[in-house]
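This briefing introduces the aromatic side chains of a predicted model. Please look at the structure below before reading on, and keep it in view while following the points.

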Amino acid sequence: MSLGMLNTLMLAFAGLIGMGVASLLVDNEQRRRLRMRDRLAKATTPHLRMRSLAFRSLLLSAGPGPRRTVRQQAASLIELVLGAPPPNPRARWVILGIALILGRLAAEAMTDVAGDIGWLAWPAITIVVSRGTFEWLRTRRDSKLLLQFPDALSMIVRSVRAGLPLSDALRLVASACPAPTAGQFQLVSADLSIGMAIADALTRLAERTGLAEYRFFAIALTLQTQTGGRLGETLDSLADVIRQRLAVRSRALALASEARTSALILAALPVLTGGGLIVFNWTYMSVLFEDPTGHIVLGSALGSLSAGMLLMQLIIRRSVS
């Protein structure tokens, strides 16, 4: 088998892996959206008998939305490939620049081992670094929002019981809570200052954060403003529910730590073993770096290891969520 045919087969194999990973990501996102829609539908169905309320912006509608422009479609495609970027535009371009530089350096190193086919690592490493960094930033922001949200609700409850209007209580949260909760409620205060209704401002808050707890908060306040009731008791109950959800999530993360440790050990064993063999018996390992067939074996091993790590990470994330 000629070297050109082997390169063609490797390109086809890499393309199949990329299509499989993309399909897994799309399927995971669709399942998450469906679960979110079902949970919100179950939470709001008992209250919809009292009054017909418009929750299309809160419930993720399955119907066709407005037609998007070519620019919006391109932006959504880039977001799907590279990951959802952080809110700060400067951070987006800095992270993408660093990912491109790291991908270029890794591709140049791989071309010395695998030839021209090593340039395929440039887009792959860029995508992996950008997605991992964006996901880490988003997870850290979401964790802070969830941890700070019960205290923000308690502050709203105390302000309402002290006689302040709900809009002033929201502004108090924007000025007294730490970041990033303060920034989100500052945007709510800005919406209220230009005359937007509280229900619409809270709906925009839930859409910006993308968290189920903020959607529950928006739905509870929307129901309260339209049907009446004791707002303090409603928010107290919601704060207790969120604290219980955080406790359950912390327990799930603790139980999943064993699986994460096992995955890290399984991923580190081949790397440490290979590094030890390179140091103590270079003649035995030099075939992987000097022979064309060894290049294929080494590339296949790295691809299998990466695919296994990705699958284990997806399984652990699915079990935690």
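With rings counted as a pair if their centres lie within 6.5 Å, the count comes to four aromatic pairs in this predicted model. Two of these pairs are described below, followed by the cluster and the burial of the residues concerned.

**The stacked pair**
- The ring centres of Phe149 and Tyr214 are 4.1 Å apart and their planes meet at 20 degrees, so this pair counts as stacked, given that planes under 30 degrees apart fall in that class.
- This pair links distant parts of the chain, since Phe149 belongs to helix H4 (residues 121-161) and Tyr214 to helix H8 (residues 212-227), with their positions 65 residues apart.

**The burial of the stacked pair**
- Phe149 has 0% relative accessibility and therefore counts as buried.
- Tyr214 is likewise at 0% relative accessibility, which means that Tyr214 counts as buried.

**The edge-to-face pair**
- Phe149 also forms an aromatic pair with Phe217, and here the arrangement is edge-to-face, with 5.5 Å from centre to centre and 85 degrees between the planes.
- Distant parts of the chain are again linked, as Phe149 lies in helix H4 and Phe217 in helix H8, 68 residues apart.
- Phe217 counts as buried because its relative accessibility is 0%.

**The cluster**
- Phe149, Tyr214 and Phe217 join with Phe185 in one aromatic cluster.

How values were computed: Residues numbered from 1 in each chain as written. Predicted model: local features only at pLDDT ≥ 70, side-chain atom pairs only at ≥ 80, totals over all residues. Heavy atoms only, no water. Phe/Tyr/Trp six-rings, centres within 6.5 Å; stacked < 30°, edge-to-face > 60°. Helix = DSSP H or I, 4+ residues; strand = E, 2+ residues; numbered from the N terminus. Buried < 20%, exposed > 50% of the residue type's maximum accessible area, 1.4 Å probe, protein only.
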